Amino acid sequence: MKLSRKHQATLDAIFATPVRASIVWSDIEALFRACGAEISEGSGSRVRVALNDVRAVFHRPHPRKETDKGAVKSVRRFLTETGIVP
């Protein structure tokens, strides 16, 4: 899978140590789409993501657009389960 520089930078930020809390959620969604994920809206701020036979539900951050460390850890775990690592 070939990712753009922007998507690769987002992937690197997700797997950075220590865990970052400043990744913009729309960048994470764009990375999911670039990897071929199916994204559907849930109720409220929920977002369902399906990729490589792995499904997950995330919550869009609000009122801020940046994710917190817990959400980044969840995204990292999801990507690892789907076989996507930097």
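**Exercise 1. Find what links Glu29 to Arg60 in this predicted model, and say which parts of the chain the pair ties together.**

Step 1: Look at the closest N and O atoms of Glu29 and Arg60: they sit 2.8 Å apart. A salt bridge needs a Lys or Arg side-chain nitrogen within 4 Å of a carboxyl oxygen of Asp or Glu, so Glu29 and Arg60 form one.

Step 2: Place both residues. Glu29 belongs to helix H2, while Arg60 is in the loop between strand S3 (54-59) and helix H3 (69-82). The pair therefore ties together parts that are 31 residues apart in sequence.

Step 3: Check how accessible each partner is. Glu29 has a relative accessible area of 5%, so we call it buried. Arg60 comes out at 25%, which makes it partly exposed.

**Exercise 2. Work out which residues join Glu29 and Arg60 in a salt-bridge network.**

Step 1: Start again from Glu29. It also forms a salt bridge with Arg33, and here the closest N and O atoms are 3.4 Å apart. Both residues lie in helix H2 (residues 25-34), 4 residues apart, or about one turn of the helix. Arg33 is partly exposed, with a relative accessible area of 48%.

Step 2: Now go to Arg60. This residue forms a salt bridge with Glu41 too, with the closest N and O atoms 2.8 Å apart. Glu41 lies in strand S1 (residues 38-41) and Arg60 in the loop between S3 and H3, so this pair ties together parts 19 residues apart in sequence. At 48% relative accessibility, Glu41 is partly exposed.

Step 3: Put the pieces together. Through shared partners, salt bridges join Glu29, Arg33, Glu41 and Arg60 into one network. The whole structure holds 5 salt bridges.

**Exercise 3. Compare the span of helix H3 with the expected one, then find where its buried residues sit.**

Step 1: Helix H3 has 14 residues, and at 1.5 Å a residue it should span 20 Å. Its end C-alpha atoms are 20 Å apart, which agrees.

Step 2: List the buried residues of H3: Ala71, Val72, Val75, Phe78, Leu79 and Thr82. They cover an arc of only 125 degrees around the axis, so they are on the same side of H3.

Step 3: Ask what that set touches. The buried residues of H3 pack against helix H1 (5-14), H2, strand S2 (46-51) and S3.

Step 4: Finish just past the helix. Right after H3 comes Gly83, which takes a positive phi of about 90 degrees.

Definitions and conventions
Residues numbered from 1 in each chain as written. Predicted model: local features only at pLDDT ≥ 70, side-chain atom pairs only at ≥ 80, totals over all residues. Heavy atoms only, no water. Helix = DSSP H or I, 4+ residues; strand = E, 2+ residues; numbered from the N terminus. Buried < 20%, exposed > 50% of the residue type's maximum accessible area, 1.4 Å probe, protein only. Expected span 1.5 Å × (residues − 1). Arc of directions from axis to C-beta. Contact = heavy atoms within 4.5 Å.
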